[in-house]
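This report describes the packing, the open and enclosed spaces, and one contact region of a structure. The sequence and coordinates are shown first.

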Amino acid sequence: MALGAVKKRPRRYSSTQLKRNLFIWGSLTPILLLFLIFAALPIVASFYISLHDWSLVGAERPFIGLRNYVDVLQDDRFYIALKNSAYYAVAYMVLVVALGLGLALLLDGLPQLPREVFRAVYFVPQVTSVVAIALIFRWLYQPQWGVLNYLFSFVGLGPFSYIKSSTQVMPSIIALGVWRSLGYSMVIYTSGLVSISPELKEAASIDGASKWQTFWRIIIPLLQPTTLFMLVTTMIGGFQVFTEIWLMSRGGPGTASRVLVLEIYEQGFRFFEMGYASALAFFLFIIVGVIVFFQMRFTRETYG
Amino acid sequence: METKEARARSRISRRTLMKGLAGSAAAAALAACTPEVVEQIVTVKETVVVEVAGTVEIREVEVEKVVTVEVPAAADEGVEITWASHIYEPWNNALAAQGMQFMAENPDVKIIYSPIPFAELNTKFMTAIAGGNPYNVMGIYGPWMPQFVLGGQLDPAPDDYVQDIDQNFPPIMKESATFEGHVYGYVQHIGIQSPVINADLYEAAGAQEPDTFDELLAVQSLLDKKDEDGNWIQLGSTLATTRGVTLMIHFGSFLMSHGAEYMTDDFQVAFNTPEGIEALDLYANFAHPDAPDQSFYLDKSAMEFNGPWAKSAYDEQAPDLNYKAILCFEGPAGRVQASYVWFWAIPSIGTPEQKLAAWEFTKWLSAPEQYAVQYRAIGLMPITNELPEEYADDPWLQVFNEILGYARLYYPKYEKWEQVELLVSEELERFVLGEITAAEALQNGEDKVNELLAEG
């Protein structure tokens, strides 16, 4: 052995370290297995299917490479669905985040008892069956005999057609989605507000900052992690909207509320074109992934 | 250290455990051999003595009674078949009872019945077939037949069953279940959605029952009522307004009565014609998208299109509703009733014993007395050359039986019909909502369908 050379000693784990590692891996293994079986493998299988002319009708499923992806890009209905999905996602994200924050700020100023009561009340839609909500909203949106048009008539508005109009259907369904998710957004922002030290607000007040300045320069930046979380999750949720669309309009009138997940569902489970549906699903995955990437980057750059 | 006594106690308890297990196994075996007892509603004739105007008479009357039926446990060499249909209570209850009765008459056959929501039905059948474990008897919607047949997933009927269908049923039964020269099953029921009126509203308005589309249009002015704000108080009719199969069926009768059709038998678009435009413009008078879906049940609409199966729904949900079926309307090209079928199909996967049992079961299920059971349950029309004698005077069935003579399938046997239906009904819906004209709707529909046809 040359002078100065250091002999590398084999790494040895103490029995405590070994036991600790075994415990960690033993605890993680079940959840990793579940993830592998119910998430990772289906994603890989879906990609495999998307490379084939895979129909449930018939036994032949030839390999066609990226043909399904090319077909998606050449399909006008894909772009219509993409446009509607983006419309829903952006509106849903902005409204849920803004209104949720507003609601949390309003509740923040209340005494504890009314704050807890209102928090519970606003959270109820989140835990209510979306089917039940949709059925009620269909009656609320009834153009002739619905309660909403009746109430609007007292202030000289309407009558509106809601889901019976190509221009009003998306705002109507967005309103349902936002109403349902508002409580969740409020709860998340409430926990974010609680984590902000009151001393910071007091210090700002002493230094002469107005309420708006305190809100914009202190509270908003400190809520950056919460806001980032809400922006990302609402954007993903918005692009994945299906249940509300299915229950309220089935993508109509015409294609006015046709969204990507509905397109995937109908291609896969109504027309049985599994290969094409899988390609559509991967497009959705890529689109959402890119948007979320830029969202996170923008938020971090803006707020540090 | 365990004492001798403790060891003895544990040995005794293990012995007791083994005895218990053996006893349980014996009980289970006994239970498997014990016949299952179920209740069934059957019609029996009874002799009763009645006094009429001082005279004693002996009469034979029919009464319905609940009886218990023993369904013997299937013998080891018996066959088990699975059977599925869409959900429509109480039809499912009637079907389940019929399954039990068949098992009572055929002890070597065990039937497992599964009602499935309509929205999941086709998917359920497809995935079960793809998984190699299909239902042995499937209640299939007619337009789905081509995709199943072209996928090699259905068994054509053996010759003796084809002969039975030829001899004992109307031609539409065989025609609707035939594809590329082969018959694929017995028809479960024929979907005829024809006019059903609210007789009370017609009488109150002094309106005559219309026979033609022109007369129907004239009657609307007597029945349509709005308040001073323009809101509906009463509607003359409420036909389908939202995309999907119901809109296609309702408009289909208009279309074909005006001499047009959705597609020709060689799959060419045939609805974008002057006759089609005229039919669609006429349809708009009877379809009101701003009316609630349940207007007819709520006594707010004087007419809707529905089928013979709606009888049970009317009786249950609107018992005071004075409903009455009338003949389908005559148009410029005659009287045509857009129709569809549901039929019992046997998949190509299965043992010969299962397939034989399945064919025998569907043949049995299509006997006049079994159709009569389904009529009693929900009003499904018996599809036989002649109505069973007991229902010959039934006014509800009489009308639909007459309409059967004008029934025509509204769809071609095209494997992508589901996609055609979606594309066309999207445009029909936009027209009904007043967003586009009839000409634009049919042109858009034609363009979309031609694009689909070009894909092959």
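Which residues have the most contacts inside the largest nonpolar core? In this predicted model, they are B:Phe254, B:Tyr262 and B:Tyr410, and the core itself has 140 residues. Apart from the largest core lies another, of 64 residues, with A:Tyr88, A:Val96, A:Ala134 and A:Ile245 among them.

The surroundings of B:Tyr410 can be listed in part. Leaving aside residues up to four places away in sequence, B:Tyr410 touches B:Tyr262, itself one of the residues with the most contacts in the core. Other partners of B:Tyr410 include B:Tyr141, B:Val245, B:Met248, B:Ile249, B:Trp417 and B:Glu421.

Chain B as a whole contains 16 helices and 17 strands. Of its 456 residues, 52% are buried. Among the contacts in chain B with a separation of 6 or more, 71% join residues 24 or more positions apart. The accessible surface of the chain comes to about 20,800 Å², and carbon and sulfur atoms account for 50% of that area.

Two spaces, one open and one enclosed, are set side by side below.

| Space | Volume | Nonpolar lining residues | Polar lining residues | Charged lining residues |
|---|---|---|---|---|
| Second largest pocket | about 940 Å³ | 11 residues | 10 residues | 17 residues |
| Largest cavity | about 40 Å³ | six residues | four residues | no residues |

The lining of the second largest pocket draws on both chains: of its 38 residues, A:Asp75, A:Gln267, A:Tyr276, B:Leu452 and B:Glu455 are the closest to the centre. Helices H2 (67-73), H3 (76-108), H12 (260-270) and H13 (274-303) of chain A each supply at least two lining residues, as do helices H15 (417-432) and H16 (438-455) of chain B.

The structure holds one cavity of 30 Å³ or more. Its lining includes B:Ser194, B:Pro195, B:Phe213, B:Ser253, B:Ser257 and B:Cys328. Strand S9 (194-198) and helix H9 (245-257) of chain B are the elements that give two or more residues to this lining.

A further site involves A:Trp145, in the loop between helix H5 (130-140) and helix H6 (147-153) of chain A. Is A:Trp145 buried or partly exposed? A:Trp145 is partly exposed, because its relative accessible area is 30%, between the limits of 20% and 50%. Across the chains, A:Trp145 touches B:Trp232, B:Pro292, B:Ser295 and B:Lys300. Between A:Trp145 and A:Met274 the C-alpha to C-alpha distance is 42 Å, with 129 residues separating them in sequence.

Technical notes
Residues are numbered from 1 along each chain as its sequence is written. Chains are lettered from A and ligands numbered from 1 in the order in which they are written. This is a predicted model: local features need pLDDT of at least 70, side-chain atom pairs count only at pLDDT 80 or more; totals for chains, interfaces and linings use all residues. Side-chain values use heavy atoms; hydrogens and water are left out. Helices (H or I, at least four residues) and strands (E, at least two) are DSSP runs, numbered from the N terminus. Buried means under 20% relative accessible area, exposed over 50%, partly exposed in between (1.4 Å probe, protein chains only). Contact means heavy atoms within 4.5 Å. Accessible areas come from the Shrake-Rupley method with a 1.4 Å probe; for residues, only the protein chains shown count as cover. On a 1 Å grid over the protein atoms alone, a cavity is a set of points where a 1.4 Å probe fits but cannot get out, and a pocket is an open set with protein on both sides within 12 Å along at least five of seven lines; lining residues have an atom within 4 Å of a point. Grid points are joined across faces, edges and corners, and a volume is the space filled by probe spheres set on the points. Ala, Val, Leu, Ile, Met, Phe, Trp, Tyr, Cys and Pro count as nonpolar, Asp, Glu, Lys and Arg as charged, and the others, Gly among them, as polar. A nonpolar core is a set of buried Ala, Val, Leu, Ile, Met, Phe, Trp, Tyr and Cys residues joined through side-chain atoms within 4.5 Å.
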